[in-house]
Amino acid sequence: MQNNVVNLTNLKVKESGYITKINGNLKLKTRLNELGFTKGTLVTILNVSSLKKSFLLEIRGCVLALRYEVVNLIEVLPSKEKN
C-alpha cells in the first residue's frame, strides 16, 4: 500500500478518501463498522464546524455528523477524484 495515508481530519471540505484503518477501542471500531466505515469505503467531507469540533461526512450515500475525536481515529488514502 502507498505511504500517502493521512488522517481524515487532514482532508479539506469536498475532499474524499478511501478508509485504510480505524484506530480506537473495539467498541468504537464496531460502531463505526455498523455505520458503514469499513476498509476501502470512500468517505467525503461535506462540512467542518467553525472550531473543527465536528465533521459532516458522506459515506455510502448517507450523511453523518461525527465529533472530531472520532474522525481523528480514521485513516484514509486521499482520492484524486473531485465531487
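## Close-up views of a six-stranded sheet

**Strand E3 beside strand E4.** Strand E3 (residues 42-48) and E4 run antiparallel and are joined by five bridges. The model is a predicted one, in which local features need pLDDT of at least 70 and side-chain atom pairs count only at pLDDT 80 or more, while totals for chains, interfaces and linings use all residues. Residues are numbered from 1 along each chain as its sequence is written, and side-chain values use heavy atoms, with hydrogens and water left out. Strands (E, at least two residues) and helices (H or I, at least four) are DSSP runs numbered from the N terminus, and two strands pair if DSSP finds at least two bridges between them. To find one of the bridges, look for Val43, whose partner in E4 is Ile59. Five residues lie between E3 and E4 in their hairpin, and Lys52 in the turn has a positive phi of about 60°.

**The two faces of strand E4.** Which residues of E4 lie on its covered face? They are Phe55, Leu57 and Ile59, whereas Ser54, Leu56 and Glu58 make up the uncovered face of this strand (residues 54-59). In a regular strand the side chains alternate between the two faces of the sheet.

**From strand E4 into strand E5.** E4 is joined to strand E5 (residues 62-67) by six bridges, and the two run antiparallel. Two of the partners in E5 are easy to look up: Leu64 for Leu57, and Val63 for Glu58. Two residues separate E4 from E5 in their hairpin, where Arg60 in the turn has a positive phi of about 55°.

**Strand E2 and its two partners.** On one side, E2 pairs with E3 through three bridges, running antiparallel. With strand E6 (residues 74-78), E2 pairs over five bridges, again in the antiparallel sense; here Gly17 has Pro78 as its bridge partner. Five of the seven residues of E2 (residues 16-22) are buried (under 20% relative accessible area with a 1.4 Å probe, protein chains only; exposed is over 50%, partly exposed in between), so this strand is largely enclosed by the rest of the structure.

**Thr44 and Ser16 face to face.** Ser16 stands opposite Thr44, a residue of strand E3. Their side chains make a polar contact of 2.7 Å. Such a contact is a pair of N or O atoms within 3.5 Å; within protein, one must be able to donate a hydrogen and the other to accept it, and residues adjacent in sequence count only if both atoms are side-chain atoms. Is Thr44 buried or exposed? Thr44 is buried, at a relative accessible area of 6%.

**The whole sheet, strand by strand.** The open sheet has six strands, ordered E1-E6-E2-E3-E4-E5, with antiparallel pairing. Strand E1 (6-7) and E5 stand at the edges with a single partner strand each, so one side of each has no neighbour in the sheet.

**Inside the largest nonpolar core.** A nonpolar core is a set of buried Ala, Val, Leu, Ile, Met, Phe, Trp, Tyr and Cys residues joined through side-chain atoms within 4.5 Å. Among the 17 residues of the largest one, Leu8, Ile19, Phe37, Val43, Leu57 and Ile74 touch the most other members. Elements giving two or more residues to this core are E2, E3, E4, E5, helix H2 (68-71) and E6, and the largest share, three residues, comes from E4. Leaving aside neighbours within four places in sequence, Leu57 is in contact (heavy atoms within 4.5 Å) with residues including Leu8, Phe37, Val43, Leu64 and Val71.

**Helix H1 from start to finish.** At the start of H1 (residues 26-34), a side-chain oxygen of Asn25 comes within 3.2 Å of the backbone nitrogen of Lys27. After H1 comes Gly36, with a positive phi near 105°.

**Two salt bridges.** The structure has two salt bridges, each a side-chain nitrogen of Lys or Arg within 4 Å of a carboxyl oxygen of Asp or Glu. One joins Glu34 to Arg31, with the closest N and O atoms 3.3 Å apart. Both residues lie in helix H1, three residues apart, or about one turn of the helix. Glu34 is exposed at 55% relative accessibility, while Arg31 is partly exposed at 44%. Arg67 forms a salt bridge with Glu69, and there the closest N and O atoms are 3.8 Å apart; both of these residues are exposed.
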